[in-house]
Amino acid sequence: MTERLYYKDQYIKEFEATVLSCEQGKNGFEVILDKTAFFPEGGGQPGDRGFIGGAKVLDTVEKGEDVVHICDGAVEGSVKCALDFELRFSNMQQHSGEHVFSGIQHAVCGFDNVGFHMGENCITVDFNGVVTAEELARIERLSNEAIYKNIPIEAVYPSDDELEKYSYRSKKEIKGQVRLTKIDGVDLCACCGTHVAYTGEIGIIKVLSVMNYKSGVRVSLQIGRKAFEDYCEKNASVYAISNLLCAKTEEVADAVEKLQTRMKDADFRYAQLKKELFAEKSKNASGEKCCMFDDSASADDARVFADMLADKVGTAAVFSGNDETGYKYAVVSRENDVREIGKALNAALSGRGGGKPNMIQGSVAASKEKIEEFWKTV
Ligand SMILES: [Zn+2]
């Protein structure tokens, strides 16, 4: 049974311990110490990382009453151990923030936290009821007020009698001694994780998004240092967009909307002009067959243009693209089955594509010169 130092003091960064066993496992060397400050994955909180002697601790997990450190090398005897405390502190901030947020949600809406996940980018909490946008905003504000009050976060170990009197949040039935995490006026919850000592250390709790999940909602949150990093990233983004659009930071969404409308109008006008231009280009086309090139037409344009051209000639082909990237093609005929042309075209010019008797589409990897040569054989 590993002595768990993090329950005595969650701020231990370095300690000395004795290696009790070290065995090669599936994911590395599995090291058990007589005592440890490394927190094993549990209750939604990831396992700690750091160093044991010269070996890197890749993960920490629980196995029965032991804490198993997954290491990249073998260790023995008396060892100096060091936690990646930046990671651990961030985990403590997020875990404690989750208590504050879920506790206040419970007081406001009365729903249970039925899922908790600390991911790389944010944490998610699942509640078994629908929390409205207004309620979320209120919970978020109250959560940050609780941070400003700098309330102690305590671990209490009640007797069975005391426990019966308490009203506390718990995700599952717990056997043996129950450890409650208590934040006065905010939360009381059975939890085995590590937390910061005061709510002030959480820093900030920010709701990112909410989505319907099962019969309730899944809320994504940014907490603590991760929230600060997220703020920096988003702030940089908004300022970059603001500079590009010459708009105030608080007006970038409006500016983007205006830009989108202008783009749509311009695209529409461009398509119209393109059609007019093509009509002009194909004005004098006549005869059995005709092939035209357009370097800026899309695959759809090529189809539309070939169709326009087919009103003038028997079989019409339009190739869009250039010699470097290859050409997209559309071949249309009102009279003939163009699928045979397609097969010959693909075979001669490393192409692919097909379609219906009166219209085929595809692409070829060949130069304009080769295409023109081929078209003479049609
Ligand atoms: Zn906890």
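How many bridges join β3 to strand β7, and in which sense do the two run? Three, and they run antiparallel. Before I go on, a reminder: what you see above is a predicted model.

Let me stay with that pair. Strand β3 covers residues 29–33, and β7 covers residues 66–71. Take F29, which sits in β3. Its bridge partner in β7 is C71. Now look one residue back from that partner, at I70. F29 and I70 are 41 residues apart in sequence, yet their C-alpha atoms are 5.6 Å apart in space.

Is F29 buried or exposed? Buried, because F29 has 21 C-beta neighbours inside 10 Å, and the cut-off for buried is 20 or more. Who are its contacts? Leave aside the neighbours within four places in sequence. F29 is then in contact with C22, E23, Q24, A55, C71, G73 and A74. So C71 turns up twice for F29, as bridge partner and as contact, by the definition of contact.

Step back to the whole sheet. β3 and β7 belong to a barrel closed by six strands. The order is β2-β3-β7-β6-β5-β8, and the pairing is antiparallel. From one strand to the next, the twist averages 45°.

Next, the layout of the chain. There are three domains here: domain 1 is 3–83, domain 2 is 90–231 and domain 3 is 286–377. Between the C-alpha centres of domain 2 and domain 3 there are 63 Å.

On to an open sheet. It has three strands, in the order β11-β12-β13, again with antiparallel pairing. Which strands are at the edges? β11, residues 153–156, and β13, residues 187–190; each pairs on one side only. Ignoring direction, neighbouring strands in this sheet are turned by 20° against each other on average. β11 is joined to β12, residues 180–183, by four bridges. On that ladder, V156 stands opposite L180 in β12. There is a helix on this sheet too. α1, residues 85–108, lies across β11, β12 and β13. The helix runs at about 115° to β13.

Now β15, residues 216–223. This strand has antiparallel pairings with β10 and with β14. With β10, residues 123–127, there are five bridges. One example: T124 has S220 in β15 as its bridge partner. With β14, residues 205–213, there are eight bridges. Here M211 is partnered by R218 in β15. β14 and β15 form a hairpin with two residues between the strands. In that hairpin, K214 takes a positive phi near 50°.

Last topic, the cores. The largest nonpolar core holds 25 residues. Which of them touch the most other members? A306, A317, V318, Y329 and V331. Several elements give two or more residues to this core: α6 (299–310), β17 (315–322), β18 (326–333), α7 (339–348), β20 (359–364) and α8 (368–377). Zoom in on A306. Beyond its neighbours within four places in sequence, A306 is in contact with A316, A317, V318, A330, V331 and V332. There is also a second, separate core, of 23 residues. Among its members are F101, F116, I139 and I223.

That is the tour: the six-strand barrel, the open sheet with α1 across it, the β14 and β15 hairpin, and the two separate cores.

Definitions and conventions. Residues numbered from 1 in each chain as written. Predicted model: local features only at pLDDT ≥ 70, side-chain atom pairs only at ≥ 80, totals over all residues. Core = buried A, V, L, I, M, F, W, Y, C linked by C-beta atoms within 7 Å. Buried ≥ 20, exposed ≤ 12 C-beta atoms within 10 Å, placed from the backbone. Contact = placed C-beta atoms within 7 Å. Domains from an automatic or database assignment. Pairing = 2+ DSSP bridges. Axes fitted to C-alpha atoms, helices over the stretch in contact; angles between N-to-C directions.
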